[in-house]
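Work through the exercises below with the sequence and the model open side by side. Try each task before reading its solution.

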Amino acid sequence: MDEELWDSVLIDSYTRALVFGGDENWATFWANFEEAPRERVASFLTDEDPQEFSFRSKAGSFEPRHDLVLVEGEESDQLDTDIILDQSYHAVHWDRLPKEWTGLFGPIEVDEVGTWEGRGWDQMSPYLHTINDLGRRRMPYGPREYLLGVLRKDCILMPSGWRILPELTDALASRLTDELVTEMWSLVSASWMRDRDTSHPYPAITFGHTTRPDSYAEFSAPHPFAYWLHKFGRIEVGERTVPLSAFGEAERDALNLLEPKIGGTLIPYFDSLAEDTDLHFSWTQTSAEEEVWGGLFELAWEWTDNFAALRPVWEAGARLGQVPDLVPTDDGPVPIAEIFVTDHPTSASDVDDGHIIILSEETALAWQAAGAQLLADHSELTYDAKLGDPLRLSSLFPELAPILKTRLARRLDALWVQGLKERSGRHLVEPLLAYDHSGLILIDRARFESEGWNSRTKQLLEFLSSQDLIDITAEEAMAKLVSRRVVEARARVRAGSSLEERLLLAVGGSRNALFGQLTEATREAIPARLSDKELAALTLAVHGPTILSRLRDTLQTEGLDPPSRWAGEAALTFVLELGFPPEFAASSNLRRTAEWIVNGPIYLPPLHDYQDDILEGLEKLFESGAGRRRAVVSLPTGGGKTRVAAEAIVRLILNGEGKRTVLWVAQTDELCEQAVQCFRQLWVNVGALEEDLRIVRLWGGQKNPAAPEANEPVVVVASIQTLNARLDVEQLDWLAQPGVVVIDECHHAIAPSYSSLLRWLDVQTGQEIEREEEPPVIGLSATPWRGYDDDESRRLAARFDQRWLPKDQHQLHQDLLERKVLAKLAYHPVRYDKVVELSEAEIRHLDQYKELPESFVERIGADPDRNDRIIESVLNSRASSILLFANSVKHAQYLAARLHLAGCPAAAVSGETDRLARQHFIRRFKSGELKVLCNHSVLTTGFDAPKADMILISRPVLSPVRYMQMVGRGLRGPKNGGTEKCKIVTVEDNILNYRDRLAYHFCRRFFEV
């Protein structure tokens, strides 16, 4: 037969069997199924519902797959043949059917019942008749009985396979129960369930008048699936199979604790039993306590830790007369005779290994009757020495007086001892405190005093509470004591005469707490033991105002109650009450404000004449057309390139009539914030009268800004990293059409990240065709070249059309020196002639990336002789403000600590430093409080330190651009608020074969040597 004809043969025989039924029709279908080509069978089954197929039973009849069980051997002997699938008949079909069709029960799906008659009707009808009887009794006016009943009864959801549950053995019934419950539980996450009023997978059904539901009251009743489970459901508990009807509230709670996965899927069933429906159904609990609890105890044997969590199981079982024969411990299940029980916690009972169990008095007695040992009969307290005579507890701890209200508690005696030990059961422990048989509280003084106030007080209160010696909980008592102590503790700290002394008082004099806050590099810099006050001063020098937030856990332990969130009024109040300056309350996690409205204008000093020339050049550029317009504003650091570029933009773009949107792009937080502050200062001086400027910060996780309204003036200062991450965000489409684009530190502008940005702005790059219209692109740089790479320098120049402002770059530096706009630079080497070699891997890195690998830079930064030379250069210098560029974060921390300990005020900053601490140290450096600021990676650009009169470069670099960026921090001359002269001190390392490639050789031409 033609293969394609088999499609119609299969469909026709299947349709006939499905519509007309009958064993003969199904036999014909399965015969065709056997003979048809395998590919046609697979195609036929693709869209068919397994619930519609009938399979042959061992009785010879054809039944739905979900009404047949796939069993054989002894298991099949206990079942009627009409529910056993005939495996011999279907053997030839088996490998053609989907795998899920060939399971024990076949695929189970939830669907509307359709009709209740048929298999299972005899077992379900009593439930439906009961519901009808209960409902009719509540119906007024006696409507005809045949018109009353469960509404939409045939549309109630049930899982396929439910009908055969009563006919199965206990073992098979437990497996089918699990599958039925799991399938119904899956309804909770079904998308169509969201339209229902409840998330319960089998909620209450409704009884009422079937033809006039609007005229008669309706009543809720339990879902038939809940009845079915209660009547015929089975569940495996441990090694036992027990009926679900044997589970009451206690058994349910124990199951949820011991086997949460099974207990979780049964939650809807237990909820149905507890549901307060209008028609109350009688749920009778089957009496099978021994079987149920025997299984629950078997589940408990599997526990290997957290044995204290099993107490609710032991308590519930004992109330029903059930005690386990075996008890789980860290040694595995052991006979109950090896277990110690107590109704009062002891120090040994805190050891949660399962051998000592805390129970209620009644349960402990029940366990003792079953063979367990009372812990009190096997406990002994000893100590090495008494440390005085017994005293009233309230005399030892006056702060306890408000909570020791009972007569017994007020008369409690306590004794300081040494070497307190407690033997309980098989354990020997060394407790903090214990209660002896005479009623005396023994306290191990050394252990007690080694604990922080919070910890020891909490343990004392928990002990008193466990012995019923206080009438409130330990948590309530602790809250009362903390409230009183906080005021006293903060006042004690505030009484310190200096910040160092207050810090010591705040940590309870703990050197470990302070030493733990020091970095590894700082610890290495400590030559010998420091006094407590010196250690506190060093800790403040390392972390500045962030130190209190770093010590939060210690401050909590000392009873100072620091705020949970280090920001706002709570933090400020806390810091002031300790006697620290307000800046110690600021949070390093707070973001800068995303937008800022600036008003003005006021008087601004005029630009220098060379800056006027640049402004004029930019004006001509902006007015030269609508197409490609590029230029680089190139001035040495300190020459005011940011000021002149921003002022040109304010005057020519933001105050103009065209597009009044500016996109200013930079690399770092410092450079971005420098631009924000520059525009803020300019707008209040030269901005449009009676008009506000909107400044947007778009870096550091700030949200996307809204588009401008009515052509309002807007400056968006963004980091290149943030922009590249959001180029596909529709909300920023408006920003792709600015009135001008500024790229700070534009020597980066040929990098792929900037090329992507320029393409997003529809600005011509490379060999692309020229645009009819594009925004002007202005670059800013103090070093408009790309290191030694002439080709890259040419590419950079081409990107900005070879246009420099000012035009005469060769004479510019000398002119600015003569005008005292720039400081005179004097080069001073720190020669270190020790030969250092690069490894083969480091040489490969250098050849590939054209820079020294970090491993090498860090290695020479750890050279003690080299570091001694650096320290000597600083200490012997007459400079008053020294900016030091270190080899690494660790190197910066080490040098700062060495200098601080030598009496030279110094601090370290890096990308790892908290923003708050970094701002604190930079502010102190600019004000002159710090003589030396050691930094790594953060102050190369975007940092203004006009009073710096010495730049010390320890880090060896090959890139002239990078070297000149560091030098540029000291270039500002007296006309721009800087210094007359600035020393450039460079450590000249003797790197074998590479010494002549270091950047200072190339750049010394700019300095007075």
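The exercises cover strand pairing, burial, a surface patch and salt bridges.

The model is predicted: local features need pLDDT of at least 70, side-chain atom pairs count only at pLDDT 80 or more, and totals for chains, interfaces and linings use all residues. Residues are numbered from 1 along each chain as its sequence is written, and side-chain values use heavy atoms, with hydrogens and water left out.

**Exercise 1. An open sheet**

Task: Find the strand order of the sheet that contains β15, β19 and β20, and say which strands stand at its edges.

Solution:
- Start with the terms. Strands are DSSP runs (E, at least two residues) and helices are DSSP runs (H or I, at least four), numbered from the N terminus. Two strands pair if DSSP finds at least two bridges between them.
- Read the order. The open sheet runs β15-β19-β20, with antiparallel pairing.
- Find the edges. β15 (379–382) and β20 (427–429) each have a single partner strand, so one side of each lacks a neighbour in the sheet.
- Check one pair. Four bridges join β15 to β19 (residues 421–424). L381 stands opposite E422 in β19.

**Exercise 2. Strand β29**

Task: Decide whether β29 is enclosed or open to the surface, then trace its partners.

Solution:
- Set the cut-offs. Buried means under 20% relative accessible area, exposed over 50%, and partly exposed in between (1.4 Å probe, protein chains only).
- Count. Five of the five residues of β29 (residues 777–781) are buried, so the strand is largely enclosed by the rest of the structure.
- Split the faces. V777, G779 and S781 point one way, I778 and L780 the other.
- List the partners. β24 (residues 630–634) pairs with β29 in the parallel sense over five bridges. β28 (residues 740–743) is also parallel to β29, with three bridges. I743 has G779 as its bridge partner.
- Follow the chain. From β28 it passes through helix α31 (residues 752–760) to β29, in a right-handed β-α-β crossover. Right-handed means that, with the strands pointing away from the viewer, the path from the first strand over the helix to the second runs clockwise.

**Exercise 3. Position of F20**

Task: Place F20 in its helix and classify it as buried or exposed.

Solution:
- Locate it. F20 is found in helix α1 (residues 3–20).
- Classify it. F20 has a relative accessible area of 60%, which makes it exposed.

**Exercise 4. Salt bridges**

Task: Count the salt bridges and describe the pairs made by R240, E449 and D801.

Solution:
- Apply the rule. A salt bridge is a side-chain nitrogen of Lys or Arg within 4 Å of a carboxyl oxygen of Asp or Glu. The count comes to 42.
- Take R240. It bridges to E298, with the closest N and O atoms 2.9 Å apart. R240 lies in strand β9 (residues 240–243) and E298 in helix α12 (residues 289–300), so the pair ties together parts 58 residues apart in sequence. R240 is partly exposed at 26%, whereas E298 is buried at 12%.
- Take E449. It meets R445 at 2.9 Å, N to O. The two are four residues apart in helix α17 (residues 445–450), about one helical turn.
- Take D801. It meets R628 at 2.8 Å, N to O. D801 sits in the loop between α32 (790–799) and β30 (804–805), R628 in the loop between α27 (609–622) and β24, 173 residues apart.
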